[in-house]
Amino acid sequence: MRTHTLQTQIWLPRPVEAVFPFFPDAGNLQKLTPPWLDFRIVTPGRIEMKPGTIIDYRLRLHGIPIGWRSLIEAWEPPHRFVDVQLKGPYSSWRHEHLFEERDGGTRVLDRVDYTVFGGRIIERLFVRPDLERIFAHRQARLQELLGPSRSPSRAKSS
């Protein structure tokens, strides 16, 4: 299976020490996820982010209910963390979140490496457009919640 990559970045006008603390609260993931996914965290109680943390979610993709289980593979505050899918809609999913001091603020970079069931046609027609919409929503919400961006966000693929 071919691995696909989605990369996005956004600049936020706050120092990394003010941006990163938003991310350890798993409940904030719901704030960044588009409402059309009907995203819910189902792991009970408070979730402590650290290597080895497992988080269970439920969402609806094109009306189909999907369970998703992710593992925090790396946790390096305030600069980086990685989550990987253990169970979910992708053959594989690895999402690296990077936070870099830049121009008096923080550049937030997301890199997702994923493989899909169904091959290239499914990826091009369904998966990629959905991911681009999801990450565009995520960036708009980050701007709303953590401050307006001075520079445009960009997405690139391979």
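Phe-126, a residue of helix α3, counts as partly exposed because its relative accessibility is 44%, the class between buried (under 20% relative accessible area) and exposed (over 50%), as determined with a 1.4 Å probe and protein chains only. Helices (H or I, at least four residues) and strands (E, at least two) are DSSP runs, numbered from the N terminus. The C-alpha atom of Phe-126 is separated by 27 Å from that of Glu-144, 18 residues apart along the chain. The model is predicted, so that local features need pLDDT of at least 70 and side-chain atom pairs count only at pLDDT 80 or more, whereas totals for chains, interfaces and linings use all residues. Residues are numbered from 1 along each chain as its sequence is written, and side-chain values use heavy atoms, with hydrogens and water left out.

Helix α3 comprises residues 119-146 and contains a kink of about 40° at Val-127, shortly before the proline Pro-129; the bend at a residue is the angle between axes fitted to the seven residues ending there and the seven starting there. Val-127 is itself buried, and other buried residues of α3 include Glu-123, Arg-128, Asp-130, Leu-131, Ile-134 and Phe-135. Further along α3, Arg-138, Gln-139, Leu-142 and Leu-146 are also among the buried residues. Just after the helix, Gly-147 takes a positive phi of about 115°.

The chain as a whole has three helices and eight strands, and from the N terminus on its elements run β-α-α-β-β-β-β-β-β-α-β. For 158 residues, a compact globule would have a radius of gyration near 15 Å, and the 15 Å of the chain agrees with this; the radius is taken over C-alpha atoms, and the globule rule is 2.2 Å times the number of residues to the power 0.38. The C-alpha trace spans about 45 × 35 × 25 Å along its principal axes. Buried residues make up 44% of the 158 residues. Of the contacts (heavy atoms within 4.5 Å) with a separation of 6 or more, 51% are accounted for by residues 24 or more positions apart.

The exposed area of the chain is about 8,400 Å², of which carbon and sulfur atoms supply 54%; accessible areas come from the Shrake-Rupley method with a 1.4 Å probe. The mean positions of the 24 positive and 18 negative charges are 4 Å apart, where Lys and Arg count as positive and Asp and Glu as negative, while His and the chain ends are not counted. Each charge is placed at NZ of Lys, CZ of Arg, CG of Asp or CD of Glu.

Near the N terminus, Thr-3 lies in the segment before β1 (4-12). Thr-3 is partly exposed, given a relative accessible area of 45%. Not counting residues up to four places away in sequence, Thr-3 touches Asp-113, Tyr-114 and Thr-115. Its C-alpha atom is 9.9 Å from that of Val-112, 109 residues apart in sequence.

Backbone geometry was also examined in the loops. Most residues other than glycine have a negative phi, and most peptide bonds are trans. Asp-38, in the loop between α2 (27-32) and β2 (40-41), has a positive phi of about 45° and is partly exposed at 33% relative accessible area. His-62, in the loop between β3 (54-61) and β4, has a positive phi of about 55° and is exposed, with a relative accessible area of 55%. The peptide bond from Pro-77 to Pro-78 is cis, with omega near 0°, and Pro-78 lies in the loop between β4 (64-76) and β5 (80-87).
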